[in-house]
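Reader: I have a model open and would like to learn how to read its features one by one. Could you walk me through it?

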Amino acid sequence: MGLMQIFAPKGAALATSTPSLSQPTALSRIHLSPPQLVGTELEQLRETLASGWIAPAGPMPQAFEAAIAEASGFRHVAAVASGTAALHLGYRVLGLQPGDEVWTSSLTFVATIAPAVQMGATPVFLDVSPTSWTIDPELLADALKRAAGQGRLPRVVVPVDLYGQSCDLDAITAVCDRWGVPVMCDSAEGLGATYRGRPAGQGARLAVFSFNGNKIVTAGGGGALVSDDASLIARARHLATQAKEAAPHYQHETTGYSYGLSSILAAVGLAQIAALEERVAQRRATFERYRDGLGDLPGVSFMPEPNWGRSTRWLSVMLVDPALFGADRERLRLALAEAGIESRPVWKPLHLQPAFRGASYIGGEVAAHFFETGLCLPSAGLTPAQQDRVIGIIRACHGA
Ligand SMILES: Cc1ncc(COP(=O)(O)O)c(C=O)c1O
């Protein structure tokens, strides 16, 4: 069903100025991770509008928070305007101060660290493990030991659940606990993943989810900060709603943000989250189909899945060794783009980004290698015919 069919009021003619949102066809553009509607969004929206509760408060954000708590296994949830806002609130409630160090994976989206840097913190980037593409716990253990010896431990360590793959959280929290450093897990890409039989992120002091338009569950835009510590989430909620003190007038002991999640978006998120398991199964099936269709080619491999859990395969990621394959990942990306198919290089490591020139980096070339050779393929809502087109174009590049 197309967007317009879902969102146009029954029987209403669409205004001629309405931007065209045409039905996908076998040959239409194929996107990396477009929003996939469940079909119950409109019903939830109608109910929300009919109730009059459309502000960022009331039953709908509460219901969405309860659903996030159930999916993530965390007891306390603050649904907010974005994953970036949730990270910002996380840094605030952990007491991050200018000059504090924040340690995170270099292989991530910039939003993991951006709010910390904007608060005056100093980023330190770590390389990833080749088996999980997430922070290497041994590297972290050695580096924390050295930092403790120098009396400059980080204020927080932020591992990232990359592309739907949980980090090795038990190993990471064990080394951080040893030095009393809290862990905030950036699970923006990790909702639905599991780690040692539990939902990804569980075991961290705080975790963050994103519900932006390209995520496995989308509210159109939105995020959540979650914890088992009620006081941290109460504090985050206070800051997210302009830090208003309990008084008849506007009283502020500190300044906060306008980070609440509107009820309208929460309604969409609530409809979407009900389909989480189905979406995980679909993304995993898409990944397997790529592996079946491309895995025999020389120089082609795929993001691994460590045996500690289930990746959602939020994005299907392949690696191309140009010497064996005969073309590099950029050649593949351009060939796909020419056919109207969106693909993306793996995240450019943050320690290589001009924005963080001069920042400390701990590790080797693993993250950089994944950036050089990794390509994220269209991962959602593909028909078999569309996926065959993607596979066919990549196969045609072999030896080209
Ligand atoms: C790893 C990671 N962290 C943080 C974010 C930020 O989430 P949002 O776009 O909801 O602000 C994203 C997604 O964009 C992400 O992929």
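Reader: Let me start with a helix: what covers the buried residues of H9?

Author: Happy to help, and please keep in mind that this is a predicted model. The cover over the buried residues of H9 includes H2, H3 and H10. H9 spans residues 263-273 and is mostly covered, with 9 of its 11 residues buried. Among those buried residues are Ser263, Ala266, Val268, Leu270 and Ile273.

Reader: How should I describe the packing of two helices such as H3 and H9?

Author: The general idea is that two packed helices are described by the angle between their axes and the distance between the axes. For H3 and H9, the axes come within 8 Å and cross at roughly 35 degrees. Their crossing is left-handed.

Reader: Which residues of H3 and H9 meet?

Author: H3 brings Met60, Pro61, Ala63, Phe64, Ala67, Ile68 and Ala71, and these meet Ser263, Ala266, Ala267, Gly269, Leu270 and Ile273 of H9. By type, the contact divides into 11 nonpolar residues, 2 polar and no charged. It also helps to recall the geometry of a helix: an α-helix has 3.6 residues a turn, so residues three or four places apart point the same way. You can follow that spacing in Ala63, Ala67 and Ala71 of H3, which are part of the contact with H9.

Reader: And glutamine 62, which is in helix H3: is it buried or exposed?

Author: Glutamine 62 counts as exposed, at 54% relative accessibility, because the cut-off for exposed is over 50%. For a sense of distance, the C-alpha atoms of glutamine 62 and glycine 190 are separated by 22 Å, and the two residues are 128 residues apart along the chain.

Reader: Where is tryptophan 53 found, and what is it in contact with?

Author: Tryptophan 53 is in the loop between helix H2 (41-51) and helix H3 (59-72). Leaving aside neighbours within four places in sequence, tryptophan 53 is in contact with Thr48, Gly58, Pro59 and Ser263. Ser263 is one of the buried residues of H9. Tryptophan 53 itself is partly exposed, with a relative accessible area of 45%. Serine 262 is 209 residues from tryptophan 53 in sequence, yet their C-alpha atoms are 9.3 Å apart in space.

Reader: What about another pair, H6 and H7: at what angle do they pack?

Author: Helix H6 (residues 137-149) and helix H7 (residues 169-178) pack at an angle of about 5 degrees, with their axes 9 Å apart. H6 and H7 are therefore roughly parallel to each other. Pro137, Leu140, Ala141 and Leu144 of H6 meet Ala171, Ile172, Val175 and Cys176 of H7. That contact divides into 8 nonpolar residues, no polar and no charged.

Reader: How do H10 and H14 cross?

Author: The axes of H10 (residues 276-294) and H14 (residues 384-397) come within 10 Å and cross at roughly 40 degrees. That angle makes H10 oblique to H14. The crossing is right-handed. The contact involves residues including Thr286, Arg289 and Tyr290 of H10, and Gln387, Asp388 and Ile391 of H14. Its residues divide into 6 nonpolar, 3 polar and 3 charged.

Reader: Which residues have the most contacts inside the largest nonpolar core?

Author: The background is that in soluble globular proteins, nonpolar side chains tend to be buried together. Here the largest nonpolar core has 63 residues, and those with the most contacts inside it are Trp103 and Leu140. Another core lies apart from it, with 32 residues, among them Ala85, Val102, Leu239 and Tyr259. Leaving aside its neighbours within four places in sequence, leucine 140 is in contact with Trp103, Leu126, Ile135, Val157, Ile172, Val175 and Cys176. Of those, Ile172, Val175 and Cys176 belong to the H7 side of the contact with H6.

Reader: What should I look for in the backbone angles?

Author: Most residues other than glycine have a negative phi, and most peptide bonds are trans. Tyrosine 163 has a phi near 50 degrees, a positive value in a residue other than glycine. Tyrosine 163 is in the loop between strand E4 (156-158) and H7, and counts as buried at 2% relative accessibility.

Reader: Where is arginine 313, and is it buried or exposed?

Author: Arginine 313 is in the loop between strand E10 (300-302) and strand E11 (316-320). Arginine 313 is buried, with a relative accessible area of 3%. Its phi is near 50 degrees, again a positive value in a residue other than glycine.

Conventions: Residues numbered from 1 in each chain as written. Predicted model: local features only at pLDDT ≥ 70, side-chain atom pairs only at ≥ 80, totals over all residues. Heavy atoms only, no water. Helix = DSSP H or I, 4+ residues; strand = E, 2+ residues; numbered from the N terminus. Buried < 20%, exposed > 50% of the residue type's maximum accessible area, 1.4 Å probe, protein only. Contact = heavy atoms within 4.5 Å. Core = buried A, V, L, I, M, F, W, Y, C linked by side-chain atoms within 4.5 Å. Axes fitted to C-alpha atoms, helices over the stretch in contact; angles between N-to-C directions. Parallel < 35°, antiparallel > 145°, perpendicular 65-115°, else oblique. Left-handed = near helix turned anticlockwise from the far one by under 90°. Nonpolar A, V, L, I, M, F, W, Y, C, P; charged D, E, K, R; others polar.
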